[in-house]
Amino acid sequence: MQWIDARSAADRLGVKPATLYAYVSRGVLHRRYDPGRRRSMFDPAEVEELARRGRPRRKPAPTEIAIESRITTLGRDRPYYRGRDALELAAGHRFEEVAEWLWRGELILTGPWRCPADAVAAARAVQAGLPAGLLALDRLQVAVTALAISDPMRFQRNPAAVAAIGRTLIAGMVEALPALSVPVAESISALLWSRLSPRPPSGEPELRLVDTALILLADHELAASTFAARVAASVRADPYAVVGCGLGVLGGPMHGGSSPAVERMLAEITEPALVPRVIGDRLRRGERIPGFGHAVYKNGDARGTHLWNLLRPMASGHPAIVLAESVRTEMRTRRLPEFNCDFPLAVLGIVFGMIPGAGETLFAVARTAGWLAHALEEYASGVLIRPRAITPPIS
């Protein structure tokens with residue numbers, strides 16, 4: 001029998017393309033790539049067998065809450081945004097395009113994203129009394145509130161309005177941060193760089209690296225911050241409030257706050273020879289090694305590997321790269337988990353002389369796109385997320 005394409009396979013199984021490729025990543029289905037037709041092909045007999053057997057399911061863990069979503073599927077080592085490999089999207093598109101893909105299912109550029117000058121001025125004004133050394137993530141939380149108050153359209157819930165708010169909000173969040181250099185292009189990645197580093201990027205590859213990081217971190221299914229954002233959206237909180245909820249959760253040390261923890265760990269290690277002692281001391285104290293291991297990707301985070309493979313050749317002799325390699329070697333020697341995306345994110349900030357917490361800030365700006373995509377699903381669903389508590393037995 002001739003092999004069938006992805007659309008036919010998905011139709012036979014009654015699933016979306018994202019689910020079909022999730023089956024591939026989990027080894028449930030196999031595919032082959034047809035270079036002539038430039039598409040994935042599937043064995044019809046294998047598809048038929050799976051259709052008769054039923055969708056593969058697993059018993060949810062005690063802490064899991066299942067919510068139906070078509071936005072992101074998690075594969076073996078990477079996410080798929082609406083059925084498309086996030087790493088492939090990062091290789092050929094800009095962050096703004098991928099955000100539109102998450103929101104509307106269209107890979108388009110709508111022109112440079114801008115925020116009204118009066119809204120940016122208000123977001124900057126509310127930061128006037130903040131401490132000089134405050135992390136950018138804290139500034140973003142304050143700025144989002146000011147941007148919300150400045151937007152008379154913030155109570156709109158239709159898809160076009162939410163997408164428009166998303167473009168304005170993300171641009172305003174970044175522009176409201178203190179400027180350290182001059183943007184070299186009209187893009188979110190260039191604007192964000194100018195808020196994170198006092199020196200402009202030396203070339204397109206460096207700017208492209210930040211754009212890639214933004215794309216790879218734009219969404220990750222129901223991560224803790226995304227779940228919080230969806231809960232807010234389910235009660236019809238406005239898009240700004242949804243993002244505010246996400247930001248409040250993101251800074252946790254087991255979420256976006258892991259990147260600053262990596263920065264602090266690397267600052268603690270003054271030379272590569274000290275790596276075994278520092279790692280050993282942390283493990284003896286029962287501490288986690290920040291930037292390593294992942295709750296979903298047990299065999300490695302392809303997002304982190306991809307970022308590292310782009311970053312390392314750009315600064316192969318930089319002390320932070322040498323130190324990071326020593327940490328990776330020590331972790332492998334101890335047979336501990338591989339790094340996740342937070343590790344190269346922190347190293348990226350150090351290499352390019354960015355402010356403390358730069359990786360966390362990049363994470364927050366990127367994930368804003370994902371939070372709003374999930375908000376759109378909740379606005380359309382009309383269903384309130386209301387988990388119930390389970391009373392444990394008295395021992």
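Tutor: Quick definition before we start: a pocket is an open set of points on a 1 Å grid, with protein on both sides within 12 Å along at least five of seven lines. Keep in mind that this is a predicted model.

Student: Fine. How much space lies in the second largest pocket?

Tutor: A pocket's volume is the space filled by probe spheres set on its grid points. For the second largest pocket, that comes to about 650 Å³.

Student: Which element gives the largest share of the lining of that second largest pocket?

Tutor: The lining has 19 residues, with Ala6, Tyr21, Arg39, Ser40 and Gly83 lying nearest the centre. At least two residues each come from α1 (6–13), α2 (17–25), β2 (31–34), β3 (39–42) and β6 (84–85). The largest share, four residues, belongs to α1.

Student: And how many residues of that lining are charged?

Tutor: Asp, Glu, Lys and Arg count as charged. The lining of the second largest pocket has seven nonpolar residues and two polar ones, and the charged ones number ten.

Student: On to the strands. In the sheet of β1, β2 and β3, which strands stand at the edges?

Tutor: The three strands make an open antiparallel sheet in the order β1-β3-β2. An edge strand has a single partner, so one side of it is left without a neighbour in the sheet, and that describes β1 (4–5) and β2.

Student: Which residue in the turn between β2 and β3 has a positive phi?

Tutor: β2 and β3 pair in the antiparallel sense over four bridges. They form a hairpin with four residues between them, and the turn residue with a positive phi, about 55°, is Arg38.

Student: Let's do the bridges. Which residue of β3 is the bridge partner of Arg31?

Tutor: Along the β2 and β3 pairing, Tyr33 stands opposite Ser40, and Arg32 has Met41 as its bridge partner. On the β1 side, where β1 and β3 pair over two bridges, Ile4 stands opposite Phe42. The bridge partner of Arg31 is also Phe42.

Student: Arg32 again: over the face of which residue does it lie?

Tutor: In the sheet, Arg32 is bridged to Met41 of β3. A charge sits over a ring if, for Arg, CZ is within 6 Å of the ring centre and within 35 degrees of the ring normal. Arg32 lies 4.1 Å from the ring centre of Trp3.

Student: What about Arg84, which ring does its charged end sit over?

Tutor: The distance to the ring centre is 5.8 Å, against a limit of 6 Å. The ring under the charged end of Arg84 is that of Trp101.

Student: In the sheet with β4, β5 and β6, which residue stands opposite Asp85?

Tutor: That open sheet runs β4-β5-β6 with antiparallel pairing. β4 (72–74) and β6 each have a single partner strand, so they stand at the edges. β5 (residues 79–81) pairs with β6 over two bridges, and opposite Asp85 in β6 stands Tyr80.

Student: Why is helix α5 called largely enclosed by the rest of the structure?

Tutor: Buried means under 20% relative accessible area. The buried residues of α5 include Glu96, Glu97 and Glu100, as well as Trp101 and Trp103. α5 (residues 95–104) is largely enclosed because, of its ten residues, the number buried is nine.

Student: What follows α5, with a positive phi?

Tutor: The phi is near 75°, and the residue is Gly105.

Student: Now the aromatics. Are the rings of Phe339 and Phe343 stacked or edge-to-face?

Tutor: The whole structure has eight aromatic pairs. In this one the ring centres are 5.7 Å apart and the planes are at 20°. Both residues are buried, and planes under 30 degrees apart count as stacked, so the pair is stacked.

Student: Which residues do ring pairs link into a cluster?

Tutor: Phe339 and Phe343 are a stacked pair. Ring pairs link these two with two others, and the cluster is Phe292, Trp308, Phe339 and Phe343.

Student: Last one. Is Pro290 buried or exposed?

Tutor: Pro290 is found in the loop between α14 (275–284) and α15 (302–314). The cut-off is under 20%, and Pro290 has 7% relative accessibility, so it counts as buried.

Note on methods
Residues are numbered from 1 along each chain as its sequence is written. This is a predicted model: local features need pLDDT of at least 70, side-chain atom pairs count only at pLDDT 80 or more; totals for chains, interfaces and linings use all residues. Side-chain values use heavy atoms; hydrogens and water are left out. On a 1 Å grid over the protein atoms alone, a cavity is a set of points where a 1.4 Å probe fits but cannot get out, and a pocket is an open set with protein on both sides within 12 Å along at least five of seven lines; lining residues have an atom within 4 Å of a point. Rings of Phe, Tyr and Trp (its six-membered ring) pair if their centres lie within 6.5 Å; planes under 30 degrees apart count as stacked, over 60 as edge-to-face and the rest as tilted. Buried means under 20% relative accessible area, exposed over 50%, partly exposed in between (1.4 Å probe, protein chains only). Two strands pair if DSSP finds at least two bridges between them.
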